[in-house]
Amino acid sequence: MSENNKEVKTNYGNWVPAAVMKMCFAATAVLLVAAVLVFAVFGNYIVTIIVGILFLAALAYTLYMWRCRNIFDFEKGGLMGKIHEYLVEHLKWNGQGTLLDIGCGAGALTIRCAKKFTKAQLVGMDFWGTAWSYAKAQCEQNAKIEQVDHRIHFQKGDASKLDFEDESFDAAVSNFVFHEVRTQPDKRKVVREALRVVKKGGSFAFQDLFAQTQLYGNMEEFIEELQKEGIQEIHYIANVEKQGFIPKFVQAPWMLRGIGLIYGIK
């Protein structure tokens with residue numbers, strides 16, 4: 001880090017946004033006040049008990065989410081960094097050429113790739129928007145702090161219809177993005193669109209909720225389809241959360257469950 005930037009910290013956001021925590025704390029506080037008021041003003045024990053139980057449930061959930069937020073934090077628990085590392089370890093690429101990060105968020109995965117593949121030129125693409133606590137300027141600032149901004153270009157885009165010609169990149173990565181693409185309900189088509197822009201012989205590594213059948217159906221069948229469509233080499237790892245580096249308490253249905261990784265050579 002340069003002398004001018006040493007006091008500036010990167011901001012990669014969090015899988016559990018601050019806005020979610022504010023809502024959790026607010027709901028817990030409202031239920032606590034409601035329980036006290038019901039008892040003090042109306043003296044209704046039954047309603048007080050019901051509201052009290054709701055308060056305790058809300059408190060338990062809030063504390064759980066707070067713990068998850070801490071472990072996902074890049075500077076505390078560092079779990080998302082480990083998830084990114086797992087993906088990059090499976091990208092079978094020599095780092096020569098260009099790489100696309102589909103759904104780059106705050107740029108954490110893009111920058112990790114830039115720091116590993118020191119000769120590569122990279123593009124980080126994301127839809128961003130008000131629904132997410134990430135922005136293009138945030139990505140650019142993070143890249144500048146990490147001193148890789150001269151090799152990364154960030155741009156807005158839609159993962160369901162990438163603004164790139166066929167076979168534009170030597171490598172492509174994506175992490176927990178495809179299931180969030182609202183402009184394409186068929187998530188398999190989102191995967192195919194990502195593969196479209198990878199050069200023949202290029203590398204890819206995509207991590208998403210592939211093990212959730214309601215999103216992707218039978219993944220073994222999908223992998224066979226992609227092979228028949230010309231993908232040279234493709235591997236699938238189901239239930240990445242069982243690989244040992246993701247704590248069990250994070251493997252809740254509403255948090256991280258059914259993670260899958262597909263990687264290989266087009």
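In this predicted model, lysine 156 lies over the face of phenylalanine 127, at 4.3 Å from the ring centre. Lysine 156 also meets glycine 129, whose contacts beyond four places in sequence are Tyr134 and Lys156. The C-alpha atoms of glycine 129 and lysine 156 are separated by 9.4 Å, while the two residues stand 27 residues apart along the chain. Glycine 129 belongs to the loop between strand S2 (121-126) and helix H5 (136-145). With a relative accessible area of 35%, glycine 129 is partly exposed.

From this local site the view may widen to the whole chain. Its secondary structure comprises 8 helices and 7 strands, and its C-alpha atoms fill a box of roughly 75 × 50 × 35 Å along the principal axes. Of the 266 residues in the chain, 48% are buried. The surface that the chain exposes amounts to about 13600 Å², of which carbon and sulfur atoms supply 57%. Among contacts with a separation of 6 or more, 77% join residues 24 or more positions apart.

One element that illustrates burial is helix H6 (residues 187-196), which is mostly covered, with 7 of its 10 residues buried. The buried residues are Lys187, Arg188, Val190, Val191, Glu193, Ala194 and Leu195. They pack against three strands and two helices: strand S1 (98-102), strand S5 (198-208) and strand S7 (260-265), together with helix H7 (213-216) and helix H8 (219-228). The N-terminal end of H6 is capped by aspartate 186, which places a side-chain oxygen 3.1 Å from the backbone nitrogen of arginine 188.

Aromatic residues offer another route through the fold. A pair of aromatic rings is described by the distance of the centres and the angle of the planes. The count for this model comes to 15 aromatic pairs. One of them joins tyrosine 61 and tryptophan 254 in a tilted arrangement, 6.3 Å centre to centre and with 55 degrees between the planes. Tyrosine 61 lies in helix H2 (residues 45-72), whereas tryptophan 254 lies in the loop between strand S6 (233-238) and S7, so the pair ties together parts that are 193 residues apart in sequence. The two partners can also be described by their accessibility: tyrosine 61 counts as partly exposed at 36%, and tryptophan 254 is exposed, with a relative accessible area of 52%. Elsewhere, Phe178, Phe204, Phe206, Phe210 and Tyr216 form one aromatic cluster. A further charged side chain also sits over a ring: arginine 67 lies over the face of phenylalanine 249, at 3.9 Å from the ring centre.

The cysteines complete the tour. A search of the whole structure finds 0 disulfides. Cysteine 68 is in no disulfide, and the nearest cysteine sulfur, that of cysteine 24, is 10 Å away. Cysteine 68 counts as buried, at 0% relative accessibility. Why does cysteine 104 form no bond with cysteine 139? The sulfur of cysteine 139 is the closest cysteine sulfur to that of cysteine 104, but the 4.1 Å between them is too far for a bond, since a disulfide requires sulfur atoms within 2.5 Å. Cysteine 104 is likewise buried, at 6% relative accessibility.

Methods
Residues numbered from 1 in each chain as written. Predicted model: local features only at pLDDT ≥ 70, side-chain atom pairs only at ≥ 80, totals over all residues. Heavy atoms only, no water. Buried < 20%, exposed > 50% of the residue type's maximum accessible area, 1.4 Å probe, protein only. Helix = DSSP H or I, 4+ residues; strand = E, 2+ residues; numbered from the N terminus. Contact = heavy atoms within 4.5 Å. Polar contact = N/O pair within 3.5 Å; in protein donor to acceptor, adjacent residues only side chain to side chain. Phe/Tyr/Trp six-rings, centres within 6.5 Å; stacked < 30°, edge-to-face > 60°. Lys NZ or Arg CZ within 6 Å of the ring centre and 35° of its normal. Areas by Shrake-Rupley, 256 points an atom, 1.4 Å probe, with all protein chains shown as cover.
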